[in-house]
Amino acid sequence: MKAKLMLIPILIPGALCLPGGLGCGQTTAGPTTASATEVSLPAPSTTGETSVEQALAERRSVRQFRAEDLTIEQIGQLLWAAQGITEPSRGFRTAPSAGALYPLELYLLTRDGVFHYLPKGHKLVQLSEQDRRAQLARAALGQSFVRTAPLDIVITAVYARTRAKYGDRAERYVILEAGHAAQNLHLQAVALGLGSVPVGAFTDAKVAELLNLPADETPLYIITIGHPAG
Ligand SMILES: Cc1cc2nc3c(=O)[nH]c(=O)nc-3n(C[C@H](O)[C@H](O)[C@H](O)COP(=O)(O)O)c2cc1C
């Protein structure tokens with residue numbers, strides 16, 4: 001229910017109440033709305049207590065999750081790890097990108113709906129209020145943890161952004177970049193005490209349809225994340 005409390009307010013013009021009462025018509029630190037359908041995410045932390053070595057040693061694919069939503073801080077941190085902007089002057093991000101052309105897009109599916117991550121401004125745009133995780137699980141050949149986990153992140157790519165400079169080599173570069181972003185997500189999940197699993201087995205057309213992707217955007221990867229059961 002936590003995520004519900006966090007995200008429903010973005011649907012109500014002029015009103016936003018997030019955990020801790022932040023954002024309820026105030027201007028103090030914390031998530032605030034830019035419009036009725038956007039929510040800014042909390043600033044990411046760069047001082048976590050888990051070393052990269054620890055996260056590498058502990059990472060394991062997790063497929064059983066507790067029925068506990070992630071906090072907006074955790075969601076924001078994960079998205080930042082995948083594609084957050086770390087050098088605003090040039091727009092460079094946490095994950096490298098061939099020619100700094102950034103072909104990847106991130107979509108989130110939670111019980112509260114479908115969201116698109118905008119690295120610029122570190123914010124979400126809500127695309128749907130419907131819980132589409134069951135539909136995503138069906139598209140992922142019925143892998144049930146995609147439905148039961150609190151968060152699925154779909155990594156998509158607009159190949160044309162990279163193709164414009166690199167031609168056919170874009171096919172390779174874009175896939176490699178998705179791997180960079182995915183590994184950042186897995187390691188960040190460990191550092192947050194969360195579990196994750198990469199999902200490559202899905203029907204592209206079904207995922208594209210449920211996300212209503214434009215014709216030039218291709219789903220590449222699903223990363224399912226939550227609190228490990230047990
Ligand atoms: C490209 C790729 C696609 C994968 N797709 C799936 C998948 O669809 N479903 C799944 O349960 N695991 C999937 N995995 C996870 C692997 O099964 C897992 O990484 C492997 O068993 C090794 O275990 P570990 O991740 O715990 O080290 C995928 C992994 C990769 C790298």
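**Exercise A: the ligand site**

State from which type of ligand atom a polar side-chain atom of Gln 143 lies 2.7 Å away, then describe the surroundings of the ligand.

*Solution.* Step one: for Gln 143, the partner at 2.7 Å is a nitrogen atom of the ligand. The model is predicted, with local features requiring pLDDT of at least 70 and side-chain atom pairs pLDDT 80 or more, while totals for chains, interfaces and linings use all residues. Residues are numbered from 1 along each chain as its sequence is written, and side-chain values use heavy atoms, without hydrogens or water.

Step two: Arg 63 places a polar side-chain atom 2.7 Å from a ligand oxygen atom. Gly 200 instead contributes a backbone N or O atom, at 2.9 Å from a nitrogen atom of the ligand. A polar contact is a pair of N or O atoms within 3.5 Å; within protein, one must be able to donate a hydrogen and the other to accept it, and residues adjacent in sequence count only if both atoms are side-chain atoms.

Step three: the isolated ligand exposes 620 Å², of which the protein buries 55% (Shrake-Rupley areas, 1.4 Å probe).

Step four: the shell around the ligand includes Arg 59, Phe 145, Val 197 and Tyr 221. Strand β8 (residues 195-199) provides its largest share, three residues; strands are DSSP E runs of at least two residues, and helices are H or I runs of at least four, numbered from the N terminus. By class, six shell residues are nonpolar, three polar and three charged (Ala, Val, Leu, Ile, Met, Phe, Trp, Tyr, Cys and Pro are nonpolar; Asp, Glu, Lys and Arg are charged; the others, including Gly, are polar).

**Exercise B: the largest pocket**

Find how much space lies in the largest pocket, and which helix gives the most to its lining.

*Solution.* Step one: the space amounts to about 450 Å³. A pocket is an open set of points on a 1 Å grid over the protein atoms alone, where a 1.4 Å probe fits, with protein on both sides within 12 Å along at least five of seven lines; lining residues have an atom within 4 Å of a point.

Step two: 18 residues line this pocket, and those closest to its centre are Thr 50, Trp 80, Leu 187, Gln 188 and Ala 191.

Step three: helices α2 (52-58), α3 (72-83) and α7 (170-191) each supply at least two lining residues. The most come from α7, with four. The lining as a whole comprises seven nonpolar, 10 polar and one charged residue.

**Exercise C: individual residues**

Classify Gln 74, Ala 170, Ala 100 and His 122 as buried, partly exposed or exposed.

*Solution.* Step one: Gln 74, in helix α3, has a relative accessible area of 14% and is therefore buried (buried is under 20%, exposed over 50%, partly exposed in between; 1.4 Å probe, protein chains only). A polar atom of the Gln 74 side chain lies 2.9 Å from the backbone nitrogen of Thr 71.

Step two: Ala 170, in helix α7, is buried because its relative accessibility is 0%. The C-alpha atoms of Ala 170 and Ala 160 are 8.1 Å apart, although 10 residues separate the two along the chain.

Step three: Ala 100, in the loop between β3 (92-93) and β4 (104-110), is partly exposed at 30%. Ala 100 has a positive phi of about 50° without being a glycine.

Step four: His 122, in the loop between β5 (113-118) and β6 (123-128), is buried at 9%. His 122 is not a glycine, yet its phi is positive, at about 45°.

Note on methods:
Near = heavy atom within 4 Å. Points joined across faces, edges and corners; volume = space filled by probe spheres on them.
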